[in-house]
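Here are my notes on the model you sent over, set out as numbered points. Have the viewer open while you read.

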Amino acid sequence: MLFLTYCIILGINKFATHLKILKPVRFDGLLDKGGSTKPWMVSCIDEDAEVIAEIPCALKLFSTSHVNNANCIGKEFLCNLLATEFDLAVPEAYLIDAFNPDFYGTLQVDAQLDLANRFKGISFGSKLIDATILNPQIKSNSFDIYDCAMVFAFDCLILNQDRGGHRNKPNLMVNDEGLTLIDHELTFHFTDGNQDDAYNAVMGEFQHNGWFPTYRTHIFYQRLKSYRSANKQNLFDTFEEYLGKLDINAIKVAVAQLEKCDITVGQKELLFQYLRILKKETHKFCRILLSLIA
């Protein structure tokens, strides 16, 4: 736990107070619907809490190549933070080390073998919530159109390839309180690698009043495109307001904190530049979003 304690430097932004270090104490099995990463269900404790109580968590375990090539862990934390900036619900995020010796020693052989093929470091965990994965068959008519617009706009911003997509994965959970967003490792693809071609392609689309084409397979795209109402022009007004107030410096602090835990988001300067441009030209970006669903 010494390294984990060192890697969190409390700052002034809410990411620092939001992000917690949890110690895993019990492996509770695999999540039923975890996709290719096959997340673990793990009971954890916050050793700094006044009252120690178990916290049920989903722990995402990636391969070393996925982490090194696509910065999956960093993107999960980054997008979890960004979602809160747009008042979108996400599970509380935690730093969890599945290789903690006390925890590792409690694991059965098959779980240890699973870890042998995973990235050897701190990973992304989130609090398990009482909700169910959204059924794609009910996606079109079950939710407020403004909620659909906010999720669509946010996913366009983070260039999310995995809310719908070719695998038709909603990556949304639903309960009586509404929608909760999960799974953000396939985002900000232009930060991967050491070239800027992908970034230039995205910004080239932006300069020509277009956008990266993955929006066409978004879970709410058809609903928004077919929506006919006089207020359609106002669907992204709230998103525009949030984007215009986005605190880029807070994002920088968050990325620096993650780096102290050896968690990276890739080409961070391109990320910051991208967010600065879209914040500065938020009205143009939202006009583009409207054109996508016209």
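Which residue in β8 is the bridge partner of Met 173? That one is settled in point 2, once the overall picture is in place.

1. Basics first. This is a predicted model, so treat what follows as a reading of a prediction. The protein chain has 13 helices and 8 strands. For 294 residues, a compact globule would have a radius of gyration near 19 Å, and the protein chain agrees with that at 19 Å. If you want a box, the C-alpha trace spans about 60 × 40 × 35 Å along its principal axes.

2. Back to the opening question: Met 173 has Thr 180 as its bridge partner in β8. Likewise, Val 174 is partnered with Leu 179. Both pairs belong to the contact between β7 (residues 172-175) and β8, an antiparallel pairing with 4 bridges. The two strands make a hairpin, with 2 residues between them.

3. Zooming out from the hairpin, β7 and β8 are part of an open sheet of 3 strands, in the order β6-β7-β8 and with antiparallel pairing. The edges are β6 (132-133) and β8 (178-181); each has a single partner strand, so one side of each has no neighbour in the sheet.

4. Elsewhere, β1 (residues 20-30) has pairings of both senses. With β2 (residues 40-45) it is antiparallel, over 6 bridges, and Phe 27 stands opposite Val 42 there. With β4 (residues 93-96) it runs parallel, joined by 3 bridges; in that pairing, Leu 22 has Ile 96 as its partner.

5. Now the rings. The structure holds 17 aromatic pairs. One of them is Phe 190 with Tyr 274, a tilted pair at 5.0 Å centre to centre and 50° between the planes. Phe 190 sits in the loop between β8 and α8 (197-207), while Tyr 274 is in helix α12 (residues 268-280), so the pair ties together parts 84 residues apart in sequence.

6. How accessible are those two? Phe 190 counts as buried, at 0% relative accessibility. Tyr 274 is also buried, with a relative accessible area of 0%. The two rings belong to one aromatic cluster, whose members include Phe 86, Phe 154, Phe 188, Tyr 199, Phe 206, Trp 211 and Phe 285. One cluster member also has a charged residue over its face: Lys 284 lies over Phe 206, 4.5 Å from the ring centre.

7. The loop that carries Phe 190 deserves another look. Thr 187 is found in the loop between β8 and α8 too. Buried or exposed? Thr 187 is buried, because its relative accessible area is 0%, under the 20% cut-off. Leaving out residues up to four places away in sequence, Thr 187 touches Lys 75, Cys 79, Ile 158, Leu 159 and Asn 160.

8. Last, some totals for the protein chain. Buried residues make up 52% of the 294. Among contacts between residues at least 6 apart in sequence, 76% join residues at least 24 apart. The chain exposes about 13900 Å², and carbon and sulfur atoms supply 51% of that area.

Notes: Residues are numbered from 1 along each chain as its sequence is written. This is a predicted model: local features need pLDDT of at least 70, side-chain atom pairs count only at pLDDT 80 or more; totals for chains, interfaces and linings use all residues. Side-chain values use heavy atoms; hydrogens and water are left out. Two strands pair if DSSP finds at least two bridges between them. Rings of Phe, Tyr and Trp (its six-membered ring) pair if their centres lie within 6.5 Å; planes under 30 degrees apart count as stacked, over 60 as edge-to-face and the rest as tilted. Buried means under 20% relative accessible area, exposed over 50%, partly exposed in between (1.4 Å probe, protein chains only). A charge sits over a ring if NZ of Lys or CZ of Arg is within 6 Å of the ring centre and within 35 degrees of the ring normal. The radius of gyration is taken over C-alpha atoms; the globule rule is 2.2 Å times the number of residues to the power 0.38. Contact means heavy atoms within 4.5 Å. Accessible areas come from the Shrake-Rupley method with a 1.4 Å probe; for residues, only the protein chains shown count as cover.
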